[in-house]
Amino acid sequence: MTLPKLPVGSKLAKYCIIQGGMSIRISFHRLAAAVAAAGGVGTIGAMGISPAELVREIRQARLLTEGVVGVNLMYAGILCDRLLEVCIAERVDYVAIGAGFARGPFKALADAGIPGFAIVSSEKAARIAARTSGVTGIVVESGQAGGHLGPADTEVSIWDLFPPILTALREAGFAGPVIAAGGLLDHEDVLRALEMGADGVQLGTRFAVTEESHASDEMKSAWLQAHRSQTVDWSPTGMPGRVVDPHPIHKLPRLGDPGVNCINCLKHCRHRESGASHCIWNSLNNAQKGNVGRGLVFCGGRIGEIHDLLTVDEVFHKLLVRDNSPTQKPFPVPKIKVI
Ligand SMILES: Cc1cc2nc3c(=O)[nH]c(=O)nc-3n(C[C@H](O)[C@H](O)[C@H](O)COP(=O)(O)O)c2cc1C
């Protein structure tokens, strides 16, 4: 079966496959551009970076590909509005917003003519998003996703979560693309998601464990060695999260530890405000830079099934062609220059 294309504003992605935004600095220009060049939708993760750094990432991605490249913002981030201004000024192809919701950012995107995707994990949030001007696409993210989690049941699969939300969205008159995310890895998953009524799929972890991902080699090794994930409820954001199991909870950096500085990344931070838990930015930054012993390695629930570091092209091959298919030939993926 040929996968459908995915319209994103005035652009058309060749395949309905989105690489989910991954902060901090996991999905930067090289990964997003490789995905876009392969025919999917590449997403730069913008949480925890400065507006100037985001400008650089968008422009570097643009040098590499004319494919569809957007930006992921977290509403919980203190710089969300300023990063959104960058997205609008740089005319990115789309903006996906998760970890909280407000109408303002989507209105700004609508005024600028840039597609806005809301990331939701409940029927209630989906109905609100469906009524919001500027929300042109909706990503439904299950409890099996990597990173911070939205569903009330943090174990819920996309197969259980998605159908009632899709029904609610269509009942509410939402006609834009509805994307399934969280716990998807291969061609069979993509087909099952499409059969379930999804217009496309979003993957995070599988794209994080690629040559082009901006994670350190140590973080990639931690993913490859992991047998399972676990959910944790101590993120300073107040949201649960999914990380590799085991993980170094007692060694995670706290403000006041040598070399640990607050960059004031969240609107509300339980660590900064009450000393609870640890510093999320330093924890994620440590892992991205290679100090996984004192870092937080976010991952999806299928991490134990990822045994190989692939290129983005190879991941696309797995998504587009059934494993060991005798009849299907590999599809051609355009090459990009990786800088
Ligand atoms: C390392 C990592 C970092 C992530 N960071 C973000 C983020 O900054 N913003 C966001 O909306 N989602 C984030 N996610 C979620 C992904 O965008 C994606 O929706 C999710 O991982 C899909 O589930 P999968 O990993 O099972 O494919 C992150 C996921 C991972 C694995």
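These legends accompany four close-up views of the structure above. This is a predicted model, in which local features need pLDDT of at least 70, side-chain atom pairs count only at pLDDT 80 or more, and totals for chains, interfaces and linings use all residues. Residues are numbered from 1 along each chain as its sequence is written, and side-chain values use heavy atoms, with hydrogens and water left out.

**View 1. The ligand and its shell of 20 residues.** Glu141, Gly183, Gln202, Gly204 and Thr205 come nearest to the ligand; a residue is near if one of its heavy atoms lies within 4 Å of the molecule. Sorted by type, the shell holds six nonpolar residues, 13 polar ones and one charged (Ala, Val, Leu, Ile, Met, Phe, Trp, Tyr, Cys and Pro count as nonpolar, Asp, Glu, Lys and Arg as charged, and the others, Gly among them, as polar).

**View 2. Polar contacts with the ligand, from Asn72, Glu141 and Gly146.** A polar contact is a pair of N or O atoms within 3.5 Å; within protein, one must be able to donate a hydrogen and the other to accept it, and residues adjacent in sequence count only if both atoms are side-chain atoms. Look for a polar side-chain atom of Asn72 at 2.9 Å from a ligand nitrogen. Glu141 brings a polar side-chain atom to 2.6 Å from a ligand oxygen, while Gly146 places a backbone N or O atom 3.3 Å from an oxygen atom of the ligand. On its own the ligand has 600 Å² of accessible area, and the protein covers 95% of this (Shrake-Rupley method, 1.4 Å probe).

**View 3. The aromatic pair of Tyr15 and Phe316.** Four aromatic pairs turn up in a search of the whole structure (rings of Phe, Tyr and Trp, the last by its six-membered ring, with centres within 6.5 Å; planes under 30 degrees apart count as stacked, over 60 as edge-to-face and the rest as tilted). Here Tyr15 and Phe316 form a tilted pair, 6.3 Å centre to centre with 50 degrees between the planes. Ring pairs also bring in Phe207, giving a cluster of Tyr15, Phe207 and Phe316. Both Tyr15 and Phe316 are buried (under 20% relative accessible area; exposed is over 50%, partly exposed in between; 1.4 Å probe, protein chains only).

**View 4. The buried Arg206.** Arg206 has a relative accessible area of 4%. The side chain of Arg206 reaches the backbone oxygen of Val209 at 2.7 Å.
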